[in-house]
Amino acid sequence: MQPKKKAAALLLAFVCFLGACTPQPRQEIPVKSGMTFAFDTVIEQTWYGEAGETAYLDIAKKLGAMESKLSLYRQGSEIDRLNQAAGKEYVPLSEDTFQILKQAKEWSIASGGVFDVTIAPVTTLWGITGEDPKVPGEEELQSALSLVGAEGILLDEATHSAMLAREGMAVDLGGVAKGMLLDQIRGIAQEDGVDSGFVSLGGNILAIGQKPDGKDFVFGLRDPRGDGGEYLGTLSIPGLTMATTGDYERFFEQDGVRYHHVIDPRTGYPAKTDLISLTVISADGGLADYLSTTFFIYGKEVALQYLDEEEFSLIAVDEEKNVYLSPALVSKFTPNEQKTEYTFHLEG
């Protein structure tokens, strides 16, 4: 098993390796860069300009406040109170939490059951992100699965309150929260007067503007079958966000079988998919976060049908080490020539 903190740290070290987070020494433009910790992952920020430090502090403050609202594991958070009150009563929510939960419900239903934020009772049984993961018994797994269903998220627009329909239901916003927070971070940075920099929330990345030397920020697409510092290629995402889902991030082995952390809500087991990595690039951070999980679970056949979308772009890596890119990304992606075991489809 690879703990979440280690995976995030590896990703950040990798981004720095590619030079995205190293201030340009020849520039006299002020830069504020650093790391904090929230949402059980490492947060990296780099902002250029006089307003960089203000943005850095405002964003760190916002993330801390949102963690206290959205964390499944923080006692007394709004999501914790919602889960504790399942099947009993409505719980008042802040505007931020209510809107994120509302959007998460809509996406869960739209996915056809492939993505569902009420999966928490099942993921808790597996414990893949914890210290003692295990394959749950079939009876308890089926019992937990019976509690999954986003239709059971009841929302009261008038009072900004919510309730889960049945006792035992629980919400985990981990599949969309960090992506949706990137959209809020963009707004904070722009309001503070920053027009150049980037932020990484445990792998969900937002880039704004360009580096002081006029070049785009460049990020690495991790090799899903390599070490943490190995990459398939580099990618520029000016003004966009990026989210990746893969079977390599967190997993454990039991009785010779490897179990990864992406649970399919339809079965209660780690998704059986022919993809090993799926990346979504979009201006909408929440959408990218949601779709990266959804397409990963659906698999290659479905994902490749969406390569030509205007609202988002994809990079899909299948189990035979084919790499497929949306045509819009071809000019922004540079393959790693050392990765000869992969076949890059760059016809776009």
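## Exercises on a predicted model

3 bridges connect strand E14 (residues 312-318) with strand E15 (residues 322-325), and the two strands run antiparallel. The model is predicted, and the exercises below start from this pair of strands.

**Exercise 1. Find the bridge partner of Val 317 in E15, then place E14 and E15 in their sheet.**

Step 1. Val 317 has Val 323 as its bridge partner in E15.

Step 2. E14 and E15 stand side by side in an open sheet of 9 strands, whose order is E1-E2-E6-E7-E10-E13-E14-E15-E17. The pairing in this sheet is mixed.

Step 3. The edges are strand E1 (31-38) and strand E17 (343-345), each of which pairs on one side only. From one strand to the next, the twist averages 10 degrees.

**Exercise 2. State which strands helix H2 and helix H7 lie across, and at what angles they run.**

Step 1. Helix H2 (residues 52-70) lies across E1, strand E2 (41-48) and strand E6 (197-201). Its direction is at about 155 degrees to E2.

Step 2. Helix H7 (residues 177-191) lies across E2, E6, strand E7 (204-208) and strand E10 (241-246). The angle between H7 and E7 is about 20 degrees.

Step 3. Compare the two lists: E2 and E6 appear in both.

**Exercise 3. Describe the surroundings of Phe 344.**

Step 1. Locate the residue: Phe 344 lies in strand E17, an edge strand of the 9-strand sheet.

Step 2. Set aside the neighbours within four places in sequence; Phe 344 is then in contact with Leu 232, Val 323, Phe 333, Pro 335, Asn 336 and Lys 339. Val 323 is also the bridge partner of Val 317.

Step 3. Take a residue from elsewhere in the chain. Thr 245 is 99 residues from Phe 344 in sequence, and their C-alpha atoms are 19 Å apart in space.

**Exercise 4. Work out the order of the 3-strand sheet and find the helix that packs on it.**

Step 1. The order is E3-E5-E4, in an open sheet with antiparallel pairing.

Step 2. Strand E3 (91-92) and strand E4 (153-156) are the edges, each pairing on one side only.

Step 3. E3 pairs with strand E5 (residues 161-164) over 2 bridges, in the antiparallel sense. Here Val 91 stands opposite Ala 162 in E5.

Step 4. Helix H4 (residues 95-110) packs on this sheet and touches E4 and E5. The direction of H4 makes about 135 degrees with that of E4.

**Exercise 5. Describe the second largest pocket and its lining.**

Step 1. The space in the second largest pocket is about 210 Å³.

Step 2. Its lining has 13 residues, and those nearest the centre are Arg 258, His 260, Pro 270, Ala 271 and Lys 272.

Step 3. Strand E12 (257-260) and strand E13 (275-282) are the elements that give two or more residues to this lining. E12 gives the most, with 4 residues.

Step 4. Sorted by class, the lining has 7 nonpolar, 2 polar and 4 charged residues.

**Exercise 6. Decide where the coordinates call for caution.**

Step 1. The average pLDDT of the chain is 90, and 92% of the residues score at least 70.

Step 2. Over residues 1-17 the pLDDT is below 50, although this stretch has 42 contacts in the model beyond near neighbours in sequence.

Step 3. Predicted coordinates should not be read in detail where pLDDT is low.

Terms used:
Residues are numbered from 1 along each chain as its sequence is written. This is a predicted model: local features need pLDDT of at least 70, side-chain atom pairs count only at pLDDT 80 or more; totals for chains, interfaces and linings use all residues. Side-chain values use heavy atoms; hydrogens and water are left out. pLDDT is the predictor's confidence in each residue, from 0 to 100. Contact means heavy atoms within 4.5 Å. Two strands pair if DSSP finds at least two bridges between them. Axes are lines fitted to C-alpha atoms, for helices over the stretch in contact, and angles run from 0 to 180 degrees between N-to-C directions. On a 1 Å grid over the protein atoms alone, a cavity is a set of points where a 1.4 Å probe fits but cannot get out, and a pocket is an open set with protein on both sides within 12 Å along at least five of seven lines; lining residues have an atom within 4 Å of a point. Grid points are joined across faces, edges and corners, and a volume is the space filled by probe spheres set on the points. Ala, Val, Leu, Ile, Met, Phe, Trp, Tyr, Cys and Pro count as nonpolar, Asp, Glu, Lys and Arg as charged, and the others, Gly among them, as polar.
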